[in-house]
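Visitor: Could you take me on a close look at the place where the two chains meet? I would like to know what each part brings to it.

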Amino acid sequence: MFKLDRKFVTMGVILALSSTLAMASSSTIGIYHSTSGAIDGGVTYPRVDGEYTAYKYNEQSTKGVNFGRTPTANEIKAWDIDALPDGSGLPEGEGSVGLGDELYEAQCAVCHGDFGGGGEGYPQLAGGNQAKDKNGIVITLKNQRIYGSVDAPKRTVGTYWPVATTLFTYIRDAMPYAHPKSLSNDETYAITAYILAQNGLEVDGEDMDDDDFVLNKEKLAKVVLPNRDGFYPNIDGPNAQEDIRAFFADRAKNIGAGTRCMSDCKDPGGPEGKTEATVMKIKYEMSDVTPAYAYAKDLPPKKDKGTEHPGKEAYEQNCAVCHKTDAMGAPAVGDKSAWTETLKQGLEKVYENSIKGKGGMPPKGGSSASDDEIKEMVDYMIEASK
Amino acid sequence: MVCKEETSKYTALTASGKAIQHFYANEVNSVITYPCPEKDWKDLEVGDLVEIEGLAWTGHGTIKGVDISFDGGKNWTEASLKGLVLPKAWTRFSYMHKYDGKPMLLQSRSYDDSDNVQPTVNQEKAVVGVEGVYHRNAIITWQVTDMGEVSNVQIRS
């Protein structure tokens with residue numbers, strides 16, 4: 001036992017040393033850290049091996065469980081089809097705006113509208129105002145449909161998307177919606193070219209809005225979309241991890257956080273810092289539901305007790321099992337002579353027996369009723385036996 | 001910044017005109033499931049004891065607790081957690097309430113072991129605006145009328 005403890009202590013020191021060294025040698029502390037938490041601002045929980053994770057670790061033995069095998073180099077190659085913003089990963093091939101126009105009309109326009117103008121429920125791909133303010137922000141992206149404003153920000157490829165290579169990979173992998181992965185690389189380049197052209201974009205000063213313009217891997221990598229810098233936190237460069245971690249750590253400032261006030265709370269925020277709360281109906285609340293909403297009190301039906309003896313219902317539940325007949329030796333309800341005999345000892349004594357129990361009968365007949373309720377039941381039984 | 005959902009949907013476009021990217025955490029959140037518009041209180045009588053129930057969750061860790069407000073967020077009282085409480089998992093909460101038949105603005109506010117507290121609608125909108133498609137974790141309000149009808153409203157200032 002002592003030896004084992006020593007071994008753990010030694011291992012702990014070595015682990016601590018090695019992790020210090022690891023931290024010193026690289027500028028980052030990883031996605032999940034024991035004290036700094038997860039990169040997205042969440043907490044981490046220890047794993048059995050000294051590592052940390054965002055989930056509670058499953059400590060059950062996995063011996064004998066088949067977790068598959070290491071994929072072969074070719075399998076990874078087949079899966080590794082993404083393209084990065086700098087164009088690496090894009091396949092060879094080319095396609096013209098003219099061919100893209102034909103393909104778009106035949107396969108895309110039915111949902112995305114003519115010239116990428118958008119359709120009912122489907123994204124608009126082109127259009128929107130790309131004009132920027134003096135800080136380089138696309139002006140229409142500042143639109144927020146709040147406080148009476150109805151102008152939506154237009155999030156098209158030209159106004160919103162940061163990177164053009166996304167267009168190629170997304171079309172190739174997911175479009176057309178009804179039969180994805182049916183387009184060749186050349187066809188995908190052509191449709192990508194057409195959509196970029198509809199957004200009035202250019203490559204190296206060359207206007208793309210020309211049927212003869214041919215897009216390929218090199219040219220696509222050079223397309224700079226207008227909203228390239230419209231996103232934060234920073235995710236590029238050697239400090240990216242720290243930047244992301246710092247951003248999501250300051251949640252009240254960056255993504256919105258509450259405060260745990262318990263009484264007399266005032267709701268901060270709002271347009272001119274007003275604090276008086278108002279109740280606003282949800283404009284688009286669903287009300288067309290089945291079954292339809294009812295607008296009346298819907299109480300369970302009440303039993304009409306009328307002139308019924310107040311002890312009757314309780315008698316049915318608590319006494320009738322023995323007192324309904326004389327089979328159990330108890331005076332049966334309705335048996336006038338039996339009850340006359342019982343009452344000879346006086347009403348108070350009958351009450352007392354019913355509450356404290358008598359012979360085979362447990363106190364209160366085994367019920368949890370109050371003394372007064374028991375008396376009510378007795379009253380009913382006497383009443384019904386006259 | 002490579003896939004289409006990351007650029008057009010999962011990013012949260014704020015009022016500054018810039019958008020938050022790589023915003024993946026499912027933030028601390030909760031909702032009262034009873035009562036709710038589909039399961040209202042029209043069948044309650046004054047004096048009835050009723051269990052207010054709901055679900056809380058957080059992608060930042062584990063739910064630590066849930067508070068309940070009957071007056072639209074001015075005053076709060078602690079509810080109790082029920083059943084299993086695990087990281088990144090639905091967590092049940094419960095509060096026994098004596099129905100008094102008065103109208104109320106019923107809210108739940110969850111908090112987690114990563115020091116997150118669910119924001120009010122105002123607190124959330126002031127930072128992320130209204131144009132993001134996801135990341136809606138502001139406190140939800142049920143308006144309960146004196147008839148026991150329940151509908152979804154927002155408390156705004």
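Guide: Happily! In this predicted model, 65 residues of chain A are in contact with 64 residues of chain B. On the side of chain A that touches chain B, at least two residues each come from helix 5 (165-174), strand 9 (231-232), helix 9 (251-254) and strand 10 (278-281). Strand 10 of chain A gives the most, with four residues. By residue type, that side of chain A splits into 33 nonpolar, 16 polar and 16 charged residues.

Let us stay with strand 10 of chain A for a moment. It runs antiparallel to strand 11 of chain B (residues 150-156), and four bridges join the two. If you would like one pair to find on screen, go to A:Met280, whose bridge partner in strand 11 of chain B is B:Gln154.

Now turn to helix 5 of chain A, another contributor to the side that touches chain B. This helix is mostly covered, with eight of its ten residues buried. You can trace them as A:Thr165, A:Thr166, A:Leu167, A:Phe168, A:Thr169, A:Tyr170, A:Ile171 and A:Arg172. Within chain A, these buried residues pack against helix 6 (185-198) and helix 7 (217-222), and from chain B they meet helix 1 (4-8).

For the wider setting, chain A has 14 helices and ten strands. Of its 386 residues, 26% count as buried. Among contacts in chain A between residues at least 6 apart in sequence, 57% join residues at least 24 apart.

Methods
Residues are numbered from 1 along each chain as its sequence is written. Chains are lettered from A and ligands numbered from 1 in the order in which they are written. This is a predicted model: local features need pLDDT of at least 70, side-chain atom pairs count only at pLDDT 80 or more; totals for chains, interfaces and linings use all residues. Two residues are in contact if their C-beta atoms, placed from the backbone, lie within 7 Å. Ala, Val, Leu, Ile, Met, Phe, Trp, Tyr, Cys and Pro count as nonpolar, Asp, Glu, Lys and Arg as charged, and the others, Gly among them, as polar. Two strands pair if DSSP finds at least two bridges between them. A residue is buried if 20 or more other C-beta atoms lie within 10 Å of its own, exposed if 12 or fewer, and partly exposed in between; C-beta atoms are placed from the backbone.
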